[in-house]
Amino acid sequence: MARILLLLASKFIFLSILSSSGVIRCTRGENNDDHGFIQSLDRESMGLKKEKLSHFRIYWHDIVSGHNATLIQVVRPSNASATGFGIINMIDNPLTLGPNLSSKLVGRAQGFYALSSQEEVGLLMSMNFAFTEGKYNGSTITVLGRNPVFNKVREMPVIGGSGLFRFARGYVQARTNTFNLTSGDAIIEYTCYVMQY
């Protein structure tokens, strides 16, 4: 034990000498306003051009029934809530250009939604729209927000993205296209407004 303490003490002394001599620099100088670990960058140095607004409409297919279900329930509620409070569903839903599942596939909605309200059927949505088509192939936008499913229009924020949607921000509007009460399958129209570089 004494040997370990001696080794640690010698490393501490060695690092202290290096840092005091300027070989290891842990803080910035007094005249630097970057506050240590945060550094200001010019967006053009990162190849970011003028910000633009993109608008698009896609259809989200939540398939609960059959052999090719795109939803799996990962947490069941611990009580008999009328709103399903506590249920968590993992999704890998197709995103298409039209409301039919046979429409052109442009990506997948991957993430989860949780029934998070005790007073109404309200969801916490956390998902990425992972695009697979054209120049947006490999790019994503991230949607995180509240979805009161029985409202005609539900608005949720876009909080980020990747690829061509890097630094994305904006919002989506969800509208129920169809909902099958027997199977639980749903088709939701998502109108997206995304600011991006």
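In strand S9, valine 194 is the bridge partner of glycine 170. Strands here, like helices, are DSSP runs numbered from the N terminus, with at least two residues (E) for a strand and at least four (H or I) for a helix. Let's start with that pair of strands and work outwards.

This is a predicted model, where local features need pLDDT of at least 70 and side-chain atom pairs count only at pLDDT 80 or more, while totals for chains, interfaces and linings use all residues. Residues are numbered from 1 along each chain as its sequence is written, and side-chain values use heavy atoms, with hydrogens and water left out.

**Hairpins**

S8 and S9 run antiparallel and pair over 10 bridges; two strands count as paired if DSSP finds at least two bridges between them. They make a hairpin with 6 residues between them, and in the turn sits glycine 184, with a positive phi of about 90 degrees. On to S7 and S8: this pair is antiparallel too, over 5 bridges. Arginine 154 stands opposite alanine 174 in S8. S7 and S8 also form a hairpin with 6 residues between them, and glycine 163 in the turn has a positive phi of about 65 degrees.

**Aromatic rings**

A pair of aromatic rings is described by the distance of the centres and the angle of the planes. Rings of Phe, Tyr and Trp (its six-membered ring) pair if their centres lie within 6.5 Å; planes under 30 degrees apart are called stacked, over 60 edge-to-face, and the rest tilted. By this rule the count is 9 aromatic pairs. One of them is tyrosine 171 with tyrosine 193, which is stacked, at 4.9 Å centre to centre with 20 degrees between the planes. The two rings bring together distant parts of the chain: tyrosine 171 belongs to strand S8 and tyrosine 193 to strand S9, 22 residues apart.

Are these tyrosines buried or exposed? Neither label fits: tyrosine 171 is partly exposed at 31% relative accessibility, and tyrosine 193 is partly exposed at 23%. For the cut-offs, buried means under 20% relative accessible area, exposed means over 50%, and partly exposed lies in between (1.4 Å probe, protein chains only). Elsewhere, Phe56, Phe131, Tyr136 and Phe165 form one aromatic cluster.

**The nonpolar core**

A nonpolar core is a set of buried Ala, Val, Leu, Ile, Met, Phe, Trp, Tyr and Cys residues joined through side-chain atoms within 4.5 Å. Which members of the largest one touch the most other members? Out of its 29 residues, the answer is Ile58, Trp60, Met127, Phe129 and Tyr190. Among the strands that each supply at least two residues of this core are S1 (52-62), S5 (122-131) and S9 (186-196).

Take methionine 127 from that list. Skipping neighbours within four places in sequence, methionine 127 is in contact (heavy atoms within 4.5 Å) with residues including Trp60, Ile91, Ala109, Ile141, Val143 and Tyr190.

**A buried histidine**

Histidine 61 lies in strand S1. Histidine 61 counts as buried because its relative accessibility is 2%. Its side chain makes a polar contact with the side chain of threonine 96 at 2.8 Å. A polar contact is a pair of N or O atoms within 3.5 Å; within protein, one must be able to donate a hydrogen and the other to accept it, and residues adjacent in sequence count only if both atoms are side-chain atoms. Leaving out residues up to four places away in sequence, histidine 61 touches, among others, Thr70, Asn93, Pro94, Leu101 and Ile187.

**Salt bridges**

Side chains of opposite charge can pair when their charged atoms come close. A salt bridge is a side-chain nitrogen of Lys or Arg within 4 Å of a carboxyl oxygen of Asp or Glu. How many does a search of the whole structure find? It finds 5 salt bridges, including these:

| Residue | Partner | N to O distance |
|---|---|---|
| arginine 169 | glutamate 51 | 2.9 Å |
| aspartate 92 | arginine 108 | 3.1 Å |
| glutamate 133 | lysine 104 | 3.2 Å |

The glutamate 133 and lysine 104 pair links distant parts of the chain, 29 residues apart: glutamate 133 is in the loop between S5 and S6, and lysine 104 is in the loop between S3 and S4. Glutamate 133 is partly exposed at 34%, and lysine 104 is partly exposed at 45%. As for the arginine 169 pair, arginine 169 is partly exposed at 43% and glutamate 51 is partly exposed at 24%.
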